[in-house]
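Could you walk me through this structure in the viewer, one selection after another? I would like to know what to click on next and what I will find there.

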Amino acid sequence: MKFDNPAGRLFEVLNKVKKYPPSSQARLVWRETFELPAADQLSPLMTAKIATTMLLIQQSLELLNEEHPELADHPPAWASQVSSAFQAHNMHGDIAGFVGSITAETLSSVLMTAALLDKGSNRKALSAEQLVEMREAIATVLDEVLDSTDLETDLKIYVARSLRKILAAIDEYKLTGATPILESIEQAVGHAMVDPKYRNFLTDTQLGQRVFDAFQTASAIVTVATGMPQLTSAVQMLLAA
């Protein structure tokens, strides 16, 4: 992914779909585009991902209006074209009707919007290697938490839920970007402010310190790669207080 903004993520999806022959089965195209297993063809997960993709249209327009208010009265034509393509799309047929509405000019316009939103921005796309590194760090400590016999049940449930939320944000990165990853980490760490038991777990136990290290690893990757506000130093001050 070249541009970490809604238009950039939408372009990546449309560009993948556009490469399939028009006679391809729509369900297969979307499953492969979203990198879902065969069992998820026409599953609620696929439907949710298509809905998330559709939301990228409105998110692109909102960000464009925020960063370029001079264009607010002249929304790009591609937005209505792509919206219409999704609304008329038959998931039980072939992909021809959908890709027929997404012309080369439409793709080019979406890409131009992505480039415009990226200009002057610190947002940078995360690499596949960085996503794998984050996922491995979080998944490793999640396994340790689930295997632990020392954690109280309520604490284990909260920590596992927080780690799974971060993993879900990482897995959804290609559609939702880096912000949800950092937000899920901030939420997991910020909970220490209101939960002394959880705070003591992070600071006073070896497993908790490994969990916190995983938070730091993932946070550092996101903030360094994307230019988003740094989390680590503020968190260290919080936990040391």
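Here is a short tour, from the whole chain down to single residues.

**Stop 1: the whole chain**

Before you select anything, keep in mind that this is a predicted model. Show the chain as a cartoon and you will find 13 helices and zero strands. Start at the N terminus and follow the elements along: they run α-α-α-α-α-α-α-α-α-α-α-α-α. Turn the C-alpha trace along its principal axes, and it spans about 60 × 45 × 30 Å.

Now switch on a surface. The accessible surface of the chain is about 12200 Å², and carbon and sulfur atoms hold 55% of it. Of the 241 residues in the chain, 44% are buried. If you display contacts with a separation of 6 or more, 67% of them join residues 24 or more positions apart. Colouring by charge gives you 20 positive and 29 negative charges, and the mean positions of the two sets lie 3 Å apart.

**Stop 2: helix α2 and its neighbours**

Select residues 26–33, which form helix α2. How many of its eight residues are buried? Six of them are, so helix α2 is mostly covered, taking buried as under 20% relative accessible area. The buried ones are A26, R27, V29, W30, R31 and T33.

To see what lies over them, add α1 (6–18), α3 (44–67), α4 (77–88) and α5 (96–101) to the selection; these helices are among the elements that cover the buried residues of α2.

Step on to E35, which follows α2 and belongs to the loop between α2 and α3. Check the backbone here: phi of E35 is near 55°, a positive value in a residue other than glycine. E35 is exposed, with a relative accessible area of 53%.

**Stop 3: helix α7**

Next, select residues 128–147, helix α7. Its 20 residues reach 28 Å from the first C-alpha to the last, close to the 28 Å expected at 1.5 Å a residue. Show the side chains of L131, M134, I138, V141, L142 and V145, the buried residues of α7. These buried residues cover an arc of only 120° around the axis, so they sit on the same side of α7. Then rotate the helix to the face turned away from that buried side, where you will find the exposed residues A128, E129, E136 and D147.

Past this helix, pick E152 in the loop between α7 and α8 (153–171). Is E152 buried or exposed? With a relative accessible area of 45%, E152 is partly exposed. Draw a distance from its C-alpha to that of V110: the two residues are 42 residues apart along the chain, and the atoms are separated by 50 Å.

**Stop 4: helix α10**

Move to residues 179–190, helix α10. At 1.5 Å a residue, its 12 residues should span 16 Å, and the end C-alpha atoms are indeed 16 Å apart. Highlight I181, L182, S184, I185, A188 and V189, which are the buried residues of α10. Where do they sit around the axis? They cover an arc of only 160°, which means that they are on the same side of α10.

**Stop 5: a few distances across the chain**

Finish with some single residues and the distance tool.

- Pick A104, in helix α6 (residues 104–118). A104 counts as exposed because its relative accessibility is 60%. Although A104 and K18 are 86 residues apart along the chain, their C-alpha atoms are separated by 9.0 Å.
- Pick Q81, in helix α4. Q81 is partly exposed, at a relative accessible area of 34%. From its C-alpha to that of Q216, 135 residues apart along the chain, the separation is 42 Å.
- Pick P44, in helix α3. P44 is exposed, with a relative accessible area of 70%. The C-alpha atoms of P44 and I221 are separated by 31 Å, and the two residues are 177 residues apart along the chain.

How values were computed:
Residues numbered from 1 in each chain as written. Predicted model: local features only at pLDDT ≥ 70, side-chain atom pairs only at ≥ 80, totals over all residues. Heavy atoms only, no water. Helix = DSSP H or I, 4+ residues; strand = E, 2+ residues; numbered from the N terminus. Expected span 1.5 Å × (residues − 1). Buried < 20%, exposed > 50% of the residue type's maximum accessible area, 1.4 Å probe, protein only. Arc of directions from axis to C-beta. Contact = heavy atoms within 4.5 Å. Areas by Shrake-Rupley, 256 points an atom, 1.4 Å probe, with all protein chains shown as cover. Lys, Arg positive; Asp, Glu negative; His and termini not counted. Charge placed at Lys NZ, Arg CZ, Asp CG, Glu CD.
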